[in-house]
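Please open the model in your viewer and keep the sequence panel beside it. We will go from one selection to the next, and at each stop you can compare the text with what is on your screen.

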Amino acid sequence: EPPPPGARAPAEPRLGCGMRGPSPARATGTGSLSARPQAAAPLPTQAPLPGPLVGTSEASRPALLTVAASLAVALAARRGAEAALRSGSRRARRTRRHVIISNAGTALQADDVAERLLQPISDLDLALRSVGGYTRAVQWLAPYAPLYVTTELASLGGEGWDPEGKLAAEWSRQHREGANGLSDLIEELNGFYVKAGQLIATRVDLFPREYSSRLAHLVDSLNPLPFPLVRRVVEEELLGGYPLEEVFESFEERPLGSASIAQVHRARLRGGREVAVKVQRPQIEKQLMSDIAVIKNVAAQLRGVFPVDYYIVFSELEEQLREEFDFQREAAAMDRVASLLRRDGRRPPVFVPESVPGLVTRRVLCMDYVPGVPLSQLGAELEKCGIRVGPDSKLAQEFGRRLLKSLSDAFAAMIFEGGFFHADPHPGNVFVTPDGTVALIDYGQMKRIGYKFRRELAEMVLLICDSQDTADDFSAMAKLGRRMGLRFSPTAHAFCPAALGLWVLDWSRTELPGGYDAYELSTTNPMCDVTFFPREWVLTCRALQLIRGLAARLDIAWTLPEVWRESAQRLLSSEVLPAVTQGPEVARAAPHGRPWQQLRQWWQGRLHRFVLRHPASR
């Protein structure tokens with residue numbers, strides 16, 4: 001989601017060479033405009049994937065050929081479908097979710113555009129949008145079918161994969177064309193397709209580099225809403241009809257960031273406090289839920305084709321997305337995380353913005369302003385100052401390790417202490433402030449995990465830390481993995497749960513027990529033998545992908561269990577029932593013990609709840 005810049009700071013904070021905040025140049029004052037954020041320069045990516053569709057097994061090839069055939073049939077029917085819907089689609093085109101510009105270059109009046117965008121989306125609009133999504137997806141995927149068939153025939157003929165060969169060049173060319181086509185599709189449809197594009201852009205270890213590089217701009221900003229519409233929403237939703245000038249000393253027209261659900265504007269309250277105002281796009285909830293239904297259907301058709309079941313991933317994201325439309329929930333979440341990271345007077349590993357009391361509604365959120373640059377734009381900002389930092393340089397390695405340590409410590413506190421963590425991390429949500437502080441923003445998607453899962457994850461962390469790579473060590477990890485609810489295929493190696501745990505948490509390993517491969521798209525990756533992931537596993541792993549992706553980009557062999565050891569030990573050695581942060585649900589998740597132990601835990605939980613609710617403790 002849009003980088004909701006957060007921390008209060010002196011006016012006009014500057015980085016080296018005169019850089020300011022996320023936008024390199026802007027005028028100040030009420031109604032001022034800021035320069036549009038520059039497209040992010042992608043961080044160095046890893047080497048090209050060693051094959052065009054690495055990870056496809058022998059069993060999945062017939063499924064891929066079936067998909068290719070269905071794509072060809074769908075393309076043949078596309079013209080007829082478009083002709084049948086052409087008359088109805090005119091209205092949908094008139095209500096596109098961004099400023100409409102005529103071919104002659106004459107813009108419609110901003111007030112008229114705002115009025116159109118406030119109109120409810122009809123069922124016909126959603127149906128036409130869904131059909132458009134399906135047909136564009138077919139148009140994007142179809143060119144891969146003949147190339148895939150050619151590759152399979154070459155493989156059957158005994159021709160090995162040559163990364164420098166003619167076939168590899170053809171795949172690279174098709175990836176470039178496909179990335180351009182997918183970028184056009186996302187920019188045309190917006191909505192949840194933007195989130196899918198952000199996933200591709202940030203997962204350089206999962207998708208071809210051509211796609212990750214081409215879609216990198218989606219991490220930062222999209223087409224913004226017209227300012228008259230923003231003013232109207234803020235005045236009606238947040239201020240009860242009062243004009244902006246009654247509450248804000250200044251309010252910049254140009255947004256700091258704009259994404260699929262909302263956009264963020266820098267402002268100054270009367271009294272001088274610098275804030276960021278997050279404004280939700282009108283009618284966006286219904287549109288995005290329709291979009292994700294289309295993506296889930298496509299993912300369902302491709303189950304078994306790829307080693308990762310993306311249907312489960314998008315189903316979990318669908319549930320999380322429902323919470324992201326409520327900014328009051330987001331404000332409570334960011335305030336809770338900020339308080340957690342400051343617990344016991346410690347210095348927080350990352351800065352978390354906090355909401356402004358009295359200026360939060362379901363569709364508008366006013367919070368601390370964070371100066372600085374999003375991680376996705378840091379490389380571009382340094383180059384503007386004439387500073388080129390290669391991924392292998394000493395400076396990049398030192399900065400990378402400090403960044404990874406800050407994020408690892410933050411997630412350790414959220415996961416093990418709070419059971420409540422940021423579930424939508426990507427480089428656009430990580431800011432580097434002028435003084436070098438790392439800030440983590442955008443708390444629209446949060447994941448809650450129970451006490452049982454937290455203890456088991458802590459046990460896995462310590463088993464990995466203390467492992468000597470013996471058969472007994474791997475057997476203990478495998479037993480714990482099955483106890484955590486993971487299910488595996490009948491042909492999976494006995495050490496598959498151990499290999500999976502090592503692959504998820506220890507990214508310094510290239511070889512895994514049981515003969516498994518650490519490369520994610522390999523046919524021998526332990527993910528290929530997993531038949532069921534518990535819900536808590538899915539988003540926990542996704543939250544860690546930010547750290548994993550950064551380590552891969554910077555080529556740093558990062559071992560997460562070593563950083564998490566202390567937090568895991570503290571959780572396992574504590575006798576305090578974590579109902580303090582988790583609520584009554586934890587009592588149900590707590591492990592069983594002897595009756596007197598259960599009675600003691602029950603009494604401690606009651607005591608802590610009483611302390612928290614007593615006025616003197618607040």
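Which residues does Pro 224 touch, not counting residues up to four places away in sequence? Select Pro 224 in this predicted model, and then add Pro 255, Ser 258, Gln 263 and Arg 281, which are the residues that Pro 224 touches when those up to four places away are set aside. Pro 224 lies in the loop between helix H7 (209-214) and helix H8 (227-238), and with a relative accessibility of 19% Pro 224 counts as buried, because buried means under 20%. If you add Leu 256, you will find a residue that is 32 positions from Pro 224 along the chain, while the C-alpha atoms of the two are separated by 9.7 Å.

Now show the whole protein as a cartoon, where the secondary structure comes to 21 helices and 15 strands. Of its 618 residues, 54% count as buried, and the protein exposes about 27400 Å², of which carbon and sulfur atoms supply 54%. Among the contacts with a separation of 6 or more, 72% are between residues that are 24 or more positions apart.

Next come the salt bridges, of which the structure holds 25. Begin in helix H5 (residues 166-189) with Arg 173 and Glu 170, which are 3 residues apart and therefore separated by about one helical turn. These two form a salt bridge whose closest N and O atoms are 3.1 Å apart, and both residues count as partly exposed, Arg 173 at 31% relative accessibility and Glu 170 at 30%.

Select Arg 268 and Glu 274 after that, a pair joined by a salt bridge with the closest N and O atoms 2.8 Å apart; here Glu 274 is buried, with a relative accessible area of 4%. Then move to Lys 278 and Glu 330, whose side chains meet in a salt bridge of 3.1 Å, N to O. This pair links distant parts of the chain, since Lys 278 belongs to strand E4 (residues 274-280) and Glu 330 to helix H11 (residues 327-341), 52 residues apart. Lys 278 counts as buried at 1% relative accessibility, and Glu 330 is buried with a relative accessible area of 1%. To see a network of salt bridges, select Arg 343, Arg 346, Glu 417, Glu 566 and Arg 570, which are linked in this way.

How do two helices meet? Select helix H13 (residues 394-418) and helix H17 (residues 535-553), whose axes come within 10 Å and cross at roughly 170°, which means that H13 is roughly antiparallel to H17. From H13, show the side chains of Leu 403, Leu 404, Leu 407, Ser 408, Phe 411 and Ile 415, and from H17 those of Thr 540, Ala 543, Leu 546, Ile 547, Leu 550 and Ala 551, because these are the residues that meet. By class, the contact of H13 with H17 has 10 nonpolar, 2 polar and no charged residues.

For the last stop, keep H13 and H17 on the screen and add helix H12 (residues 375-384), where the buried residues are Leu 375, Ser 376, Gln 377, Leu 378, Ala 380 and Glu 381. What covers these buried residues of H12 includes H13 and H17, together with strand E7 (373-374) and strand E9 (430-432).

Key:
Residues numbered from 1 in each chain as written. Predicted model: local features only at pLDDT ≥ 70, side-chain atom pairs only at ≥ 80, totals over all residues. Heavy atoms only, no water. Axes fitted to C-alpha atoms, helices over the stretch in contact; angles between N-to-C directions. Helix = DSSP H or I, 4+ residues; strand = E, 2+ residues; numbered from the N terminus. Parallel < 35°, antiparallel > 145°, perpendicular 65-115°, else oblique. Contact = heavy atoms within 4.5 Å. Nonpolar A, V, L, I, M, F, W, Y, C, P; charged D, E, K, R; others polar. Salt bridge = Lys/Arg side-chain N within 4 Å of Asp/Glu carboxyl O. Buried < 20%, exposed > 50% of the residue type's maximum accessible area, 1.4 Å probe, protein only. Areas by Shrake-Rupley, 256 points an atom, 1.4 Å probe, with all protein chains shown as cover.
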